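Me: Hey, I'm new to this one. Can you walk me through it?
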Amino acid sequence: MSCAHNPFKRTKSEEFIYQEQCRNVARENGKRIGLEGDVDLQFLFKGGDLLKVKSSSWKKTRFYQLMEDCKTVMHQSRKTFKRNPTFNLEDIESVRYGRQSEGFQKYTDSSVEDRCFTIIFKNRRKNLDLIASSKEEAKQWVKSLEKVMNRMSNLTRQENSEHWFYSCMRKADKNSDNKMSLKELKQFLGNINIEVDDRYAENLFKKCDTSNSGTLEGAEIKQFYDLLTYREEIDIIYGKYNHTNGQMSSADLLSFLQNEQKEPVSLDYALNLINKYEVDETAKQRKHMTKDGFLIFLNQEEGGIFNPAHKDLFQDMRQPLNHYFISSSHNTYLMADQLKGPSSTEAYVKALMKGCRCVELDCWDGANGEPVIYHGHTLTSKVLFSDVIRAIQKYAFKTSQYPVILSIENHCTLEQQKVMAYHLTSILGNALLTLPLGNHMPSTFPGPEELKGRFLIKGKCLKKLDAAFNNNTTEDVDSVSEEDEAAELKENEQKVMGKSKKIKLAKELSDLVIYCKSVHFSGFEHSRDNQAFYEMASFKESKAMNLAENSGMAYIHHNMDKLSRIYPAGSRTDSSNYNPVPLWNAGCQIVALNFQTHCKEMDLNQGRFLPNARCGYVLKPKFQRDPASQFDPKNLSVGPWLQRKTVHIMIISAQQLPKLNKDKPKSIVDPQVRVEICGVPADNDTKQTHHIDNNGFNPKWNTNFKFIVHVPELALVRFLVEDFDAASFNDFIGQYTVPLTSMQNGYRHVPLLTKSGDAIPSAGLFVHIMVLDA
């Protein structure tokens, strides 16, 4: 295998030694991730030429190769004096075989179909469209990348930590001699985000250099790793319960689980943990857990803050559809802002793969009789309606089997509406719901379980549901008012004209609307007396916030019978988001956010839909579904919602926080942690630790917080880690948001996510949680 470009010219002898060292490193890392000698890994190490496609005229051959660290892909650039660009396997969302990207569809023809594959990146990085020399080679690239990505994503926290540590060490080993000098050690400490004075570094070096050779190698490097990663807090906890010859017996472990973690588990459960995580075979045979095994266990799912029982589907999915919070996207077609950002089918794929169950289609007349989707009257690019429907059909049910609502904002002429109806029926086929379920005229929604694998169309409709049920083709009217969201953009124009605009609606499109008929909202009393359960309104955020603030109880009762969709104000040209929590508090189901915008509001959305297998549907609390409920989020009274809790959170430490400025090796983060409770107004609260100077590797706070929570079923807890800056705004490092009711008690590790909601490997917080009845 070849190695990364080295700026120093070597003799043939030096080059041979260097290449052999690279192979050794690759073998070592392959073994560390459990793929030693694997043919697919070896294929990636060897690398090969691929044709990179950017446009009809830009198609160039580039050499791609996985580096020895098993996570960085390098591709050679032909530009003089330019470093070879790289990307990380952790940044890849998926690898797709065939011409499955917009780029391939536009710039290639079907003759190269079986030689194509696309690397889809997380965040907003553009897809990488590549053509191999043969079908077999393309499939080999896809298979190999998927295998290594899957293995890397399934590493335990401990394995991730060790792999990260040794990768950083290799970077510091400038001459690649598998030894570490004092100078390289200081460089290494900067790489892992910790700043120490020279004396401390020298003392640490001398302590490990038992051979007095002036370098660390082999067992000395392992000793250095053990010293650096030593966690005093784990020692203290383990020491409190290791009552059996210096180790934890199964009875000791059970005592820890019951007393500290507050888990009502049996001795068999403790024995199972020992069998699962203990690394010392002698201890395992004695039914003991060593400190190493205990640390591994704490870094697993069982030791995490998120309740594993909530990871899978655990809620009743047969309640009426309006009894659930539904993960919902606004302007789903946009990859960036709503003034000039690109529209793309890829945006729909990304939202659906994140569990989104309600997507928006902003439809306009296009060329050649084909409707298009884009943000009207702006410079955003356009995408064919048919291409969007094909993408939705392909990816709608890969993450979740539960129903997807297509929220159609219709600006098309009658002829192109008929084309829309044709594409919907021909592409979605039997998955498209075109008649009410059951043998009787329904009086309430079916549940998500009954609607599994189905598409529901939300839009304007010419007739009532009973007409559709009885197959009555008589049309009530032939024109309807524009969607509320479209009308908002013309609000000033309408005020001048004195009336709202009517649009002609094609019967073919109207007939596809069954359970989600869009109607104008004229007040709660009017809705109660005049509108059926399937007639739903869309609310601009300001209107919805006002109703939630001043008529919370009425809004909640409205949502016990009907669906409500909330959308961001048109003035949010940067595609920013509003706070979804007050709308969830009011029982609103379809609280649509800009999924393409990374922000606190999307963190909250991800946290809300974290439980229940991330299926995009979360059952609302009973007090938001019971018609007798008197729950008002703003004015709390006695009732089943009032389950007052005292929440004690101790921020103990953090591990391996990422460097924010990788271009400046001496830039070390100064981390501080903020804990936020987001729920009903009485529960909203924020507390933060002090900051730790120059230590992102193993900072310790041991700071206690106390929160009073009145309505725990609606509360979200957000852990935010920032790089403190006295002169300006703090920089984001990582966050994690979890429903309070899905949080586990005791000593827990908290994973950290990037701004886009992806896991940061090996990084996390260590906390102690105690939720008590107040």
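Me: Let's start with the cysteines. How many disulfides does a search of the whole structure find?
Reply: Zero disulfides turn up in the whole structure. Keep in mind that this is a predicted model.
Me: OK. What about C208, buried or exposed?
Reply: C208 is buried, because its relative accessible area is 0% and the cut-off for buried is under 20%.
Me: And C599, is that one buried or exposed?
Reply: C599 has 16% relative accessibility, so C599 counts as buried as well.
Me: Let me zoom out. How many helices and strands does the protein have?
Reply: There are 25 helices and 30 strands.
Me: How much of the protein is buried?
Reply: Of the 774 residues, 56% are buried.
Me: And what does the protein expose?
Reply: About 34100 Å² is exposed, with carbon and sulfur atoms supplying 49% of that.
Me: What about contacts between residues at least 6 apart in sequence: what share join residues at least 24 apart?
Reply: That share is 66%.
Me: Switching topic: where does R99 sit?
Reply: R99 is in the loop between β5 (92–97) and α3 (102–107).
Me: Buried or exposed?
Reply: R99 counts as buried, because its relative accessibility is 9%.
Me: Which backbone oxygen does the side chain of R99 have a polar atom close to, at 3.0 Å?
Reply: The backbone oxygen of T108 is the one, 3.0 Å from a polar atom of the R99 side chain.
Me: Which residues is R99 in contact with, leaving aside neighbours within four places in sequence?
Reply: The contacts of R99 are F104, Q105, T108, D109, S110, V112, E113 and C116.
Me: Now the holes. How many cavities of 30 Å³ or more are there?
Reply: The count comes to eight. The largest cavity has a volume of about 230 Å³.
Me: What lines the largest cavity?
Reply: Its lining has 17 residues, and N123, K350, K354, F595 and Q596 lie nearest its centre.
Me: Which helix gives the largest share of that lining?
Reply: Helix α14 (residues 345–353) does, with three residues.
Me: Last one: which residues of helix α23 are buried?
Reply: In α23 (residues 552–561), the buried residues are G552, Y555, I556, H558, N559 and M560.
Me: What do those buried residues pack against?
Reply: They pack against three helices and two strands by name: α21 (524–530), α22 (541–550) and α24 (581–585), along with β19 (535–540) and β20 (564–567).

How values were computed: Residues numbered from 1 in each chain as written. Predicted model: local features only at pLDDT ≥ 70, side-chain atom pairs only at ≥ 80, totals over all residues. Heavy atoms only, no water. Helix = DSSP H or I, 4+ residues; strand = E, 2+ residues; numbered from the N terminus. Buried < 20%, exposed > 50% of the residue type's maximum accessible area, 1.4 Å probe, protein only. Contact = heavy atoms within 4.5 Å. Areas by Shrake-Rupley, 256 points an atom, 1.4 Å probe, with all protein chains shown as cover. Polar contact = N/O pair within 3.5 Å; in protein donor to acceptor, adjacent residues only side chain to side chain. Disulfide = S-S within 2.5 Å. 1 Å grid on protein atoms, 1.4 Å probe; cavity = no way out; pocket = protein on both sides within 12 Å on 5 of 7 lines; lining within 4 Å. Points joined across faces, edges and corners; volume = space filled by probe spheres on them.
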